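Q: Here's a structure that's new to me. Could you walk me through the reasoning behind the labels people put on it?

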Amino acid sequence: MSERMEKECYLMVDININNIDEYKIYIEKVKPMIEKFGGKYLIKGGEIDAKETNLWKPTRIVLVQFPNKISALNWYNSEEYKPLKKIILNNATSNILFIEGA
């Protein structure tokens, strides 16, 4: 296994929810799916004390740790996730980042 594959990968999402009822459906279904791909929630919302917001002002941050980038992208691009991705795209606006760890 290459060194690149062994780096942890973090999914960071900043999300503004437009339809809370649909978002609740998404949350209920996505958590076990993320766990199936090796993901672990580190942050799920919570108060944000933003000090420097020159690029964007965060609204709601979600942070998920995956064992590596391949696992993270396998989840994001999976057939299983496609219907949930459609729910979130239709009911929220967001920034989604995949960030490799050290």
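A: Sure, and let's start with the pocket: helix α2 gives the largest share of the lining of the largest pocket, six residues. Keep in mind that this is a predicted model.

Q: What else supplies the lining of the largest pocket?
A: Besides α2, at least two residues each come from β1 (9-17), β2 (40-44), β3 (61-66), α3 (69-76) and β4 (92-100). The pocket has a volume of about 250 Å³, and of its 20 lining residues, Val13, Tyr23, Tyr26, Tyr41 and Val62 are the closest to its centre.

Q: How many residues of each class are in the lining of the largest pocket?
A: There are 16 nonpolar residues, one polar and three charged. Tyr is counted as nonpolar here, in case you were wondering about those rings.

Q: Why is the pair of Trp75 and Tyr76 called tilted?
A: Two values settle that one. The ring centres are 5.9 Å apart, and the cut-off for a pair is 6.5 Å, so Trp75 and Tyr76 do pair. The planes stand at 55°; stacked needs under 30 degrees and edge-to-face needs over 60, so tilted is the label left for this pair.

Q: How many aromatic pairs does a search of the whole structure find?
A: Seven. There is also one aromatic cluster, formed by Tyr23, Tyr26, Phe66, Trp75, Tyr76, Tyr81 and Phe98.

Q: What makes Trp75 buried, and what about Tyr76?
A: Trp75 has a relative accessible area of 2%, and buried means under 20%, so Trp75 is buried. Tyr76 comes in at 21%, which is not under 20%, and exposed takes over 50%, so Tyr76 is partly exposed.

Q: How do you know that Lys85 lies over the face of Tyr76?
A: Lys85 is at 3.9 Å from the ring centre of Tyr76, and the distance limit is 6 Å, with a further limit of 35 degrees from the ring normal. Lys85 is listed as lying over that face. Another case is Lys44, whose charged end sits over the ring of Tyr41 at 5.0 Å from its centre.

Q: Why is Ser71 called buried?
A: Its relative accessible area is 16%, and the line is drawn at under 20%, so Ser71 is buried. Ser71 lies in helix α3 and, leaving aside neighbours within four places in sequence, is in contact with Phe37 and Phe66.

Q: What makes Gly46 exposed?
A: Gly46 reaches 55% relative accessibility, and exposed starts over 50%, so Gly46 is exposed. Gly46 is found in the loop between β2 and β3.

Q: Why does Ile43 count as partly exposed?
A: Ile43 has 34% relative accessibility, which falls between the 20% and 50% limits, so partly exposed it is. Ile43 lies in strand β2 and touches Ile61, Val62 and Leu63, not counting residues up to four places away in sequence.

Q: Where is Glu22 found, and what is Glu22 in contact with, leaving aside its neighbours within four places in sequence?
A: Glu22 is in helix α2 (residues 20-36), and those contacts are Ile87 and Asn91. Along the chain, Glu22 and Ile87 are 65 residues apart, yet their C-alpha atoms are 6.9 Å apart in space. At 28% relative accessibility, between the 20% and 50% limits, Glu22 is therefore partly exposed.

How values were computed. Residues numbered from 1 in each chain as written. Predicted model: local features only at pLDDT ≥ 70, side-chain atom pairs only at ≥ 80, totals over all residues. Heavy atoms only, no water. Phe/Tyr/Trp six-rings, centres within 6.5 Å; stacked < 30°, edge-to-face > 60°. Buried < 20%, exposed > 50% of the residue type's maximum accessible area, 1.4 Å probe, protein only. Helix = DSSP H or I, 4+ residues; strand = E, 2+ residues; numbered from the N terminus. Contact = heavy atoms within 4.5 Å. 1 Å grid on protein atoms, 1.4 Å probe; cavity = no way out; pocket = protein on both sides within 12 Å on 5 of 7 lines; lining within 4 Å. Points joined across faces, edges and corners; volume = space filled by probe spheres on them.
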